[in-house]
Amino acid sequence: MKVTSFIYRMIAVSGLVFALGACSDEGPMEKAGKQLDETAQDTQNAIEDKCENLKESLNAEDKDC
């Protein structure tokens with residue numbers, strides 16, 4: 001789980017670097033970076049939700065993922 005989280009965070013950081021490097025007008029790279037950030041965040045949230053649901057259904061004591 002930690003490897004997946006690390007990968008998504010690196011993707012988000014890469015998107016931020018591209019977004020910050022863009023000019024003041026929002027160009028195609030900045031839009032792509034924002035979309036990448038949103039997609040990575042949505043994916044990370046979905047994985048965490050599934051993990052929590054699984055732990056809850058197994059009656060695990062620790063429900064954090």
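Glutamine 44 sits in helix 2, which covers residues 28–57. The model is a predicted one. Glutamine 44 has a relative accessibility of 18%, so it counts as buried; the cut-off for buried is under 20%. What does glutamine 44 touch, once its neighbours within four places in sequence are set aside? Its contacts are then Ser5, Tyr8 and Arg9. The pairing with serine 5 spans 39 residues along the chain. In space, the C-alpha atoms of glutamine 44 and serine 5 are 6.8 Å apart.

Glutamine 44 is one of the buried residues of helix 2. The others are Glu30, Gly33, Asp37 and Ala40. Next comes the length of this helix. Helix 2 has 30 residues, so at 1.5 Å a residue it should span 44 Å. The C-alpha atoms at its ends are 43 Å apart, which agrees with that expectation.

Now to the other helix. The protein's secondary structure consists of two helices and zero strands. Helix 1 takes in residues 2–21, and methionine 10 belongs to it. Is methionine 10 buried, partly exposed or exposed? Its relative accessibility is 40%, so it counts as partly exposed. Methionine 10 also helps to form a nonpolar surface patch, together with Val3, Phe6 and Ile7. The patch has an area of about 400 Å².

Past helix 2, the chain reaches asparagine 59. This residue lies in the segment after that helix. Asparagine 59 is not a glycine, yet its phi is positive, at about 55°. Its relative accessibility is 67%, so asparagine 59 counts as exposed; the cut-off for exposed is over 50%.

The segment after helix 2 also holds one end of a covalent link. How many disulfides does a search of the whole structure find? It finds one. The partners are cysteine 51 and cysteine 65, with their sulfur atoms 2.0 Å apart. Cysteine 51 lies in helix 2, and cysteine 65 in the segment after helix 2. The two are 14 residues apart, and the pair links distant parts of the chain. A disulfide is a covalent bond between the sulfur atoms of two cysteines. About the S-S bond the angle is -90°, and the link of cysteine 51 and cysteine 65 is left-handed. Cysteine 65 has a relative accessible area of 37%, so it is partly exposed.

Finally, the totals. The protein has 65 residues, and buried residues make up 15% of them. Glutamine 44 counts as buried. The protein exposes about 5200 Å². Carbon and sulfur atoms supply 59% of that area. How are the contacts spread along the sequence? Among contacts between residues at least 6 apart in sequence, 42% join residues at least 24 apart. Glutamine 44 and serine 5 are in contact, and they are 39 residues apart along the chain.

Definitions and conventions:
Residues numbered from 1 in each chain as written. Predicted model: local features only at pLDDT ≥ 70, side-chain atom pairs only at ≥ 80, totals over all residues. Heavy atoms only, no water. Helix = DSSP H or I, 4+ residues; strand = E, 2+ residues; numbered from the N terminus. Buried < 20%, exposed > 50% of the residue type's maximum accessible area, 1.4 Å probe, protein only. Contact = heavy atoms within 4.5 Å. Expected span 1.5 Å × (residues − 1). Patch = residues over 30% accessible without salt bridge, like charges linked within 9 Å, V, L, I, M, F, W, Y side chains within 5 Å. Areas by Shrake-Rupley, 256 points an atom, 1.4 Å probe, with all protein chains shown as cover. Salt bridge = Lys/Arg side-chain N within 4 Å of Asp/Glu carboxyl O. Disulfide = S-S within 2.5 Å.
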